[in-house]
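Colleague: Before I trust any labels on this one, I'd like to go through them with you. Can you put it up?

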Amino acid sequence: SVVRREALAARAVWQCSRAYASTAPTTKNYINGKMVESKADKWIDVHNPATNEVVTRVPESTQDEMQEAVDVAKTAFKTWKDTTILTRQQYMFKFQSLIKDNISELAKNITLEQGKTLIDAEGDVMRGLQVVEHCCSIPSLQLGETLSGIAKDMDTMTFRTPLGVVAGITPFNFPAMIPLWMFPMALTCGNTVIMKPSERDPGACMMLVEMAQEAGVPAGVVNVIHGRHDSVNFICDNPDIKAISFVGSDQAGSYIYERGSINGKRVQSNMGAKNHGVILPDANKENTLNQLVGAAFGAAGQRCMALSTAIFVGEAKEWIPEFIEKAKKLKVNAGHEPNADLGPLISPEAKQRVLDLVQSGVDEGAELLLDGRDCQVKGYEKGNFVGPTMLHQVKPEMKCYREEIFGPVLVSLEVDTLDDAIDCINNNPYGNGTAIFTTNGAAARKFTMETDVGQIGVNVPIPVPLPMFSFTGSRGSFKGDMNFYGKGGVQFYTQLKTVTQMWRADDASIGQKQTAMPV
Ligand code: NAD
């Protein structure tokens with residue numbers, strides 16, 4: 001295992017020095033415990049967002065390769081489902097220790113392919129690691145229920161049984177955390193898994209599945225295929241895949257939810273967001289402004305739980321100049337540079353989309369109080385950088401308010417009362433997260449009770465629940481009825497089997513003829 005860890009570390013360092021598409025190594029399929037070169041004729045270049053140099057090429061896995069992955073997973077399920085739960089638990093103990101040992105290598109790969117700062121990339125791994133740690137409790141998590149004596153000599157009990165082969169489709173913005181929301185929980189519940197990581201940064205997922213194997217998870221239990229639409233359609237249509245976990249944009253999420261559901265699969269789909277931070281004038285000013293700066297611009301705004309919209313209530317609007325001063329101090333740089341507070345956007349197209357949305361706000365009458373559009377980073381002139389940007393006096397009908405910007409852009413509104421702020425949030429179609437900043441308990445309680453959003457923070461800007469809870473985005477941010485990780489995750493990846501049995505010492509009294517419904 002030391003050799004493997006050194007190999008992983010060497011690979012992360014080596015990838016940092018790669019430069020040209022023609023020499024860039026390929027990302028492999030991972031089938032039956034082996035990294036396998038794809039025979040694809042279509043390949044997708046993965047770029048370092050800070051330089052736009054190609055770091056690896058990802059295949060659009062062929063139909064045969066994808067079918068092989070499913071066949072292997074289907075065969076592996078036959079034995080994996082009967083592996084004892086204590087064995088699966090032991091694999092998770094080992095897996096969590098391997099991830100911990102390799103955090104910095106994973107983070108280097110994330111920074112290389114995704115662009116976020118190294119410290120933020122470590123956070124990406126840590127938040128996924130916490131799900132693996134939670135999976136170590138699987139014997140308790142997967143407990144069923146029993147009730148004895150529901151009739152004479154009769155007891156009922158439930159078992160949570162695995163579904164079979166399940167699939168995970170992940171977005172680019174958390175290349176470690178989101179795969180870790182999916183495959184550890186799926187496999188500890190006894191399923192086998194097909195992962196389809198984001199074609200824009202698959203490296204962390206590849207490193208993680210190798211570590212799972214090193215931890216003892218048998219070949220075929222987790223497999224990885226790659227691609228875009230064809231691989232997604234394959235997953236939605238393949239009859240042997242019983243459930244799909246998706247995280248990503250609205251467009252893909254709605255499509256996958258519908259296509260997977262029509263094909264009889266269980267689907268959970270976490271999608272886009274527009275998260276509002278409400279600032280009351282009684283809040284602790286220094287703490288609130290610091291939290292707001294971090295949650296709006298951290299990770300260059302490429303977080304589904306970024307606080308991308310601020311609602312200043314009443315006199316709180318006077319704090320805006322101070323907020324801007326703090327935002328101006330953030331350092332934009334390549335993610336591996338030690339002073340970086342925020343890195344580049346994922347692609348030149350993503351950058352252009354952000355610039356267009358900022359311009360649309362200006363054209364529709366918003367005030368551009370901070371303009372990060374012309375952001376030059378010395379030494380990284382070709383990177384996809386945008387600096388912290390703030391559009392104020394935004395109105396709900398403006399495009400920059402209606403659409404998820406997914407960049408370091410805060411849109412802000414002024415309202416007179418807390419009721420106005422709550423109305424504004426409830427009129428927005430998304431329900432991923434929201435936060436209130438206040439020292440008034442009654443106001444905080446009113447906000448938490450009356451706001452129709454699935455995850456609420458009180459003086460906490462990014463209220464992503466730890467894995468003993470579940471990720472509970474709602475309304476336009478979620479399709480499905482069982483959430484990711486926590487109790488919801490165990491429910492999603494298992495089917496309840498309810499057994500009712502009668503054991504009576506005196507056999508003669510069993511089996512009397514009865515044609516009416518037994519009561
Ligand atoms: P994306 O939808 O472009 O990609 C996600 C996955 O779907 C990828 O694996 C991709 O290959 C596939 N895909 C993309 N377009 C597709 C299409 N038209 N048809 C079928 N499959 C398609 O998302 P992204 O840009 O990688 O991620 C950013 C989005 O994800 C943002 O909207 C963000 O809010 C959302 N997100 C949500 C959560 C959450 O928990 N709610 C978490 C992280 C990210």
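Colleague: What makes the pair formed by an oxygen atom of the ligand and a polar backbone atom of Phe172 a polar contact?

Modeller: The distance there is 2.9 Å. A polar contact is a pair of N or O atoms within 3.5 Å; within protein, one must be able to donate a hydrogen and the other to accept it, and residues adjacent in sequence count only if both atoms are side-chain atoms. So 2.9 Å for Phe172 qualifies. Bear in mind that this is a predicted model, where local features need pLDDT of at least 70, side-chain atom pairs count only at pLDDT 80 or more, and totals for chains, interfaces and linings use all residues. Residues are numbered from 1 along each chain as its sequence is written, and side-chain values use heavy atoms, with hydrogens and water left out.

Colleague: Which distances do you have from an oxygen atom of the ligand to the side chains of Glu199 and Glu404?

Modeller: For Glu199, an N or O atom of the side chain is 2.6 Å from a ligand oxygen. For Glu404, the distance from a side-chain N or O atom to a ligand oxygen is 2.6 Å. On its own the ligand has 830 Å² of accessible area, and the protein covers 90% of that (Shrake-Rupley method, 1.4 Å probe; for residues, only the protein chains shown count as cover).

Colleague: How many residues surround the ligand, and which are the closest?

Modeller: There are 27 around the ligand, with Lys196, Glu199, Arg200, Ser249 and Glu404 the closest. To be near a molecule or strand, a residue needs a heavy atom within 4 Å of it. Helix α7 (177-188), helix α9 (229-237) and strand β10 (241-247) each give at least two residues to that shell; helices (H or I, at least four residues) and strands (E, at least two) are DSSP runs numbered from the N terminus.

Colleague: Which pocket is the space taken by the ligand?

Modeller: The largest pocket. A pocket is an open set of points on a 1 Å grid over the protein atoms alone, with protein on both sides within 12 Å along at least five of seven lines. A molecule sits in one if more than half of its atoms lie within 2 Å of its grid points.

Colleague: Staying with α7, why is Leu180 called buried?

Modeller: Leu180 is in helix α7, and its relative accessible area is 0%. Buried means under 20%, exposed over 50%, partly exposed in between (1.4 Å probe, protein chains only). So Leu180 is buried. Beyond its neighbours within four places in sequence, Leu180 is in contact (heavy atoms within 4.5 Å) with residues including Phe95, Ile99, Leu129 and Leu208. Val132 is 48 residues away in sequence, yet the C-alpha atoms of Leu180 and Val132 are 7.0 Å apart.

Colleague: And what makes Ile262 exposed?

Modeller: Ile262, in helix α10 (residues 250-262), has 74% relative accessibility, so it counts as exposed.

Colleague: Ser104, then: why is it called partly exposed?

Modeller: The relative accessible area of Ser104 is 34%, so it falls into the partly exposed class. Ser104 is in helix α4 (residues 103-114), with its C-alpha 6.8 Å from that of Glu122, 18 residues along the chain.

Colleague: How do you know that Asn223 and Val278 are buried?

Modeller: Asn223, in strand β9 (residues 222-224), has 0% relative accessibility and therefore counts as buried. Its contacts outside the local sequence include Tyr30, Ala69 and Val193. Val278, in strand β12 (residues 275-279), is buried because its value is 0%; Ile311, Leu418 and Phe437 are among its contacts.

Colleague: What stands out about phi of Ala299 and phi of Tyr485?

Modeller: Ala299 has a phi near 55°, positive in a residue that isn't glycine. Tyr485 has a positive phi too, near 45°. Most residues other than glycine have a negative phi.

Colleague: Where are those two, and why do they count as buried?

Modeller: Ala299 is in the loop between α11 (285-297) and β13 (307-313), and is buried because its relative accessible area is 11%. Tyr485 is in the loop between β21 (478-479) and α17 (486-492); at 3%, Tyr485 is therefore buried.

Key
1 Å grid on protein atoms, 1.4 Å probe; cavity = no way out; pocket = protein on both sides within 12 Å on 5 of 7 lines; lining within 4 Å.
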